[in-house]
Amino acid sequence: MKFRYFINMAALESYVNHTVGIITADGRHFVGTLKGFDQSLNLILDDSHERVYSTTQGVEQVVLGLHIIRGDNVVIVGEVDEAIDSRIDFSKIRAEPLPSIVH
Amino acid sequence: MCGTLSSVDQYLNLKLKEVTVNDGEKHPHMLSVSNCFIRGSVVRYVQLPADEVDTQLLQDATRNEAEKNVSR
């Protein structure tokens with residue numbers, strides 16, 4: 001039988017309708033409002049955007065709208081504190097893009 | 001990344017509270033994150049503060065377990 005990966009459904013309940021930051025297995029960073037999730041960690045993100053990090057220029061924010069992310073690709077789901085987030089000047093942030101996950 | 005461990009499940013998925021980033025210059029991605037959920041399948045290691053691990057308890061537990069296996 002194929003191995004199925006099921007998470008505890010209570011795990012993300014407290015993040016629903018909050019702004020979350022998602023890091024995916026290929027090292028990308030998405031930010032949006034968590035609208036829903038299931039036991040495989042598939043996520044529904046509303047009003048989402050991708051933050052593209054670079055060492056030569058500030059963070060580029062690509063608007064994506066409503067997105068569904070398949071659970072396999074999810075690495076971290078972080079609850080964003082909007083008060084802190086709004087104080088960050090993304091045009092001044094320089095960082096290496098994250099490497100992808102190696103298994 | 002550093003934080004207070006709030007829960008673990010059977011896949012070693014972790015929930016952390018009061019998260020801080022060790023090197024915010026290098027990894028600014030999670031600077032505004034306070035609580036987070038980490039998928040167990042991507043975790044390489046978890047560092048525990050040495051003084052908070054009760055080694056005596058762990059040793060006793062493993063000894064008890066070993067004794068059970070011998071008597072069986």
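The legends below describe close-up views of a predicted model, covering the contact between chain A and chain B and the sheet that they share.

**View 1. The interface between chain B and chain A.** In this predicted model, 23 residues of chain B are in contact with 37 residues of chain A, and the area buried between the two chains is about 2,300 Å², with carbon and sulfur atoms giving 60% of that area. B:His29, B:Phe37 and B:Arg39 together supply 32% of the area that chain B buries against chain A, which is more than any other three residues.

**View 2. Polar contacts and residue classes at the interface.** Eight residue pairs are in polar contact between chain B and chain A, both residues being at pLDDT 80 or more, whereas zero salt bridges are found across this interface. The side of chain B that touches chain A has ten nonpolar, eight polar and five charged residues, and strand 3 of chain B (residues 33-38) gives the most to that side, with six residues.

**View 3. Strand pairing between the chains.** Strand 5 of chain A (residues 74-80) and strand 3 of chain B run antiparallel and are joined by five bridges, and A:Ile76 stands opposite B:Ile38 of strand 3 of chain B.

**View 4. The open sheet of eight strands.** The strand order is 4(A)-3(A)-2(A)-1(A)-5(A)-3(B)-2(B)-1(B), with antiparallel pairing. The edges are strand 4 (60-69) of chain A and strand 1 (2-8) of chain B, each of which pairs on one side only, and neighbouring strands are turned by 25° against each other on average, direction ignored.

**View 5. Strands 2 and 3 of chain A.** Strand 2 (residues 29-37) and strand 3 (residues 43-52) of chain A pair in the antiparallel sense over seven bridges, and A:His29 has A:Arg51 in strand 3 of chain A as its bridge partner.

Technical notes. Residues numbered from 1 in each chain as written. Chains lettered and ligands numbered in written order. Predicted model: local features only at pLDDT ≥ 70, side-chain atom pairs only at ≥ 80, totals over all residues. Heavy atoms only, no water. Contact = heavy atoms within 4.5 Å. Buried area = accessible area lost by both parts, 1.4 Å probe. Salt bridge = Lys/Arg side-chain N within 4 Å of Asp/Glu carboxyl O. Polar contact = N/O pair within 3.5 Å; in protein donor to acceptor, adjacent residues only side chain to side chain. Helix = DSSP H or I, 4+ residues; strand = E, 2+ residues; numbered from the N terminus. Nonpolar A, V, L, I, M, F, W, Y, C, P; charged D, E, K, R; others polar. Pairing = 2+ DSSP bridges. Axes fitted to C-alpha atoms, helices over the stretch in contact; angles between N-to-C directions.
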